[in-house]
Amino acid sequence: MNRTLRLSLLALLATAPALQAADLYVHNVKGYTLDSHGKLQRFDALLVDDGKVVATGTDAALAKRADDATVIDGHGKTLLPGLIDAHGHVLELGYALTQADLTGTQSIDEALARIKDYAKAHPDARWIIGGGWNQVIWKLGRFPTARELDAVVSDRPVWLSRVDGHAAWANTAAMKLAGITRDTKDPPGGRIERDAQGNPTGVFVDGATALVGAVVPEPTDRERAVALDTALAEMARVGLTGVDDAGIDLPNYRLYKRYADEHKLTARIYAMIRDTGDAFDTITAGAPLDGYGDGYLTVHSVKLFADGALGSRGAAMLKPYSDDPHNHGLLFMSPGTMASKIEKAFAKGYQVNIHAIGDAANREVLDSFATAYKVHPDARAFRNRVEHAQIVSLKDIPRFVPLKLIASMQPTHATSDMNMAEDRVGHERIEGAYAWRRFLKQGTVVAFGSDFPVESPNPFFGLHAAVTRQDHQNQPPGGWYPDQKLSLVEALRAFTLSAAYAGRAEKTQGSLEPGKYADFILVDRDVFSINPQDIWKTRVLGTWVGGKQVYSAAK
Ligand SMILES: [Zn+2]
């Protein structure tokens, strides 16, 4: 071969590189993904190598590149990018799924039978923990008692929260451990249920729940691991390939790191460190984790709380609650404290994500970011987030833009809360509540999640709520404040690319584009062609993370 010919051949090879090999080929699918501009793309086949997307396209174009690949026939089903929940609580989901569950019990006898069975099935549990009871449904006309619980479990303490989390039911063993006697006084903001002689009967309301809660042991490492396994399995089942964990402590951090090292995570986790105290100091003494362990673990952010929740009127409002004219709710900390916590995290390069439900809390968060940016102007680029941004004054919504804040919102909160929320805040303030469209319209990045286990982790419930603003009974007709509805493409973007962006991972997650992780799901219907009212009924047939199948409905 003469030199000129060889050079021109080399030049040709350089312009047309050898086609990349593939080890997985998924074809015969109705594939959808957003591209990096957020536009919807269709494909019939997906080529994967070493856990990453090689190409999407037609079967005709890609089949010849799949010679050495494992082939999956999608049987014409719909393939979507794996969904990312931008705000969930992973271990809490695991606990909720493994604890004694009294949800739906129709009588106290049914509840007691469930507790008895649960205790028998869990002989090693030191405490029987659970919840979901509602004495109103039981038509008891009173609260249940410790003595009734003692009849089914007396060898161990039992502690069961009411369905709304605002009361809990103990047996005698639990009360003994907590030192509760007839001399125990009701704490401020709390009440101990008592009989005519003043003896505690077993139910603790609001602030009084802390009296027993304080002696409930911290979960052991093994209990944490069981909760994580349970939550990971549930996330894979509902099609979540990623989650932003909205608040971890030190043991949770160590568990995640161990699972990442042992390749046991089946969803990509972006975990926020709860507060800037000791756990933050310990964790940030080492280098931040960014896509640690093949992109499975990122810990580079902090979670703070500005206020409580709307249902219990713990959300901090600028003006009193419409249904409680003497109550504004409560800010958890002063603006000065909040700004100094933000600055502490910024100084280490950590992103800051702050829970804010009420309009006063949201305003405090905006003010505090503005203060902290004066000291750390570079931190505007950290993708700082307001978690929930639930009720925001119409005057404050535009401030998200110059402060470069992401709105991390939960569509199912709107459809679960709609009636209660309007009672609490009235017609005027509701205009700035659950106002996804307002944020999107001004160019704010909106990331969607569920806040599981407060809501179901099923992201199709969230997509449905975002698109219809209706509950599963199609109520209210036309949707609740329908001007805030999103299109399915916009909602999908918030559950994929924007959620990835909020977790600093949009270069590797959130869409099926060459070079990104092959995180995808097969589902039983084409969500883009069905009646939007049916989106929540979508079932996941299979879930793949990094090209590895982590869930199959067939098994
Ligand atoms: Zn949360």
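## A walk through a predicted model

Let's begin with one pair of residues: G242 stands opposite R268, which belongs to β16. Keep in mind as you look around that this is a predicted model.

**Two parallel strands.** The pair you just met is part of a bigger arrangement. Strand β15 (residues 240–248) runs parallel to β16, and 5 bridges join the two. How many of the residues in β16 are buried? Strand β16 (residues 268–274) has 6 of its 7 residues buried, so you can call the strand mostly covered. As background, strands of a sheet pair through backbone hydrogen bonds, and they do this either parallel or antiparallel.

**The six-stranded sheet.** Next, find the open sheet of 6 strands, in which the order is β3-β2-β7-β23-β24-β25 and the pairing is mixed. Which strands stand at the edges? They are β3 (40–43) and β25 (548–552); each has a single partner strand, so one side of each is left without a neighbour in the sheet. On average, neighbouring strands here are turned by 25 degrees against each other, if you ignore direction.

Zoom in on one pairing of this sheet. β23 and strand β24 (residues 540–545) pair in the antiparallel sense, over 4 bridges. One residue to look for is L522, whose bridge partner in β24 is G542. A helix also packs on this sheet: α8 (residues 221–238) touches β24 and β25, and its direction makes about 115 degrees with that of β24.

**The four-stranded sheet.** There's another open sheet to trace, made of 4 strands in the order β5-β4-β1-β6, again with mixed pairing. Its edges are taken by β5 (52–57) and β6, and each of these has a single partner strand, so one side of each lacks a neighbour in the sheet. Neighbouring strands in this sheet are turned by 15 degrees against each other on average, direction ignored. Strand β4 (residues 45–49) pairs with β5 in the antiparallel sense, and 5 bridges hold that pairing in the count. If you pick out D49, you'll find that its bridge partner in β5 is K52.

**The zinc ion.** Which residues are the protein donors of the zinc ion? They are H87 (NE2), H89 (NE2) and D451 (OD), lying 2.1 to 2.2 Å from the ion. Their spacing in sequence is H-x1-H-x361-D. Are the two histidines buried or exposed? H87 counts as buried because its relative accessibility is 0%, and H89 counts as buried too, because its value is 15% and the cut-off for buried is under 20%.

**A bent helix and a buried threonine.** Now look at helix α14 (residues 411–429). A straight helix of 19 residues would span 27 Å at 1.5 Å a residue, but α14 spans only 18 Å between its end C-alpha atoms. Where does α14 bend? The bend is at D423, and it is about 75 degrees.

Over in helix α10 (residues 278–284) you'll find T284. T284 counts as buried because its relative accessibility is 7%. If you leave aside its neighbours within four places in sequence, T284 is in contact with I273, K348 and Y350.

**Some unusual backbone spots.** Most residues other than glycine have a negative phi, and most peptide bonds are trans. Here are four places in the loops that go the other way:

| Place | Backbone feature | Loop |
|---|---|---|
| F452 to P453 | cis, omega near 5 degrees | P453: between β22 (446–448) and α16 (459–468) |
| Q475 to P476 | cis, omega near -10 degrees | P476: between α16 and α17 (488–495) |
| H75 | positive phi, about 50 degrees | between β6 (70–73) and β7 (78–81) |
| R504 | positive phi, near 55 degrees | between α18 (497–502) and β23 (520–523) |

What about the accessibility of H75 and R504? H75 counts as exposed because its relative accessibility is 61%. R504 is partly exposed, with a relative accessible area of 27%.

Technical notes:
Residues are numbered from 1 along each chain as its sequence is written. This is a predicted model: local features need pLDDT of at least 70, side-chain atom pairs count only at pLDDT 80 or more; totals for chains, interfaces and linings use all residues. Side-chain values use heavy atoms; hydrogens and water are left out. Donors are N, O and S atoms within 2.8 Å of the metal (3.2 Å for Na, K and Ca); water is not among the atoms, so sites may look incomplete. Buried means under 20% relative accessible area, exposed over 50%, partly exposed in between (1.4 Å probe, protein chains only). The expected span of a helix is 1.5 Å times one less than its number of residues. The bend at a residue is the angle between axes fitted to the seven residues ending there and the seven starting there. Contact means heavy atoms within 4.5 Å. Two strands pair if DSSP finds at least two bridges between them. Axes are lines fitted to C-alpha atoms, for helices over the stretch in contact, and angles run from 0 to 180 degrees between N-to-C directions.
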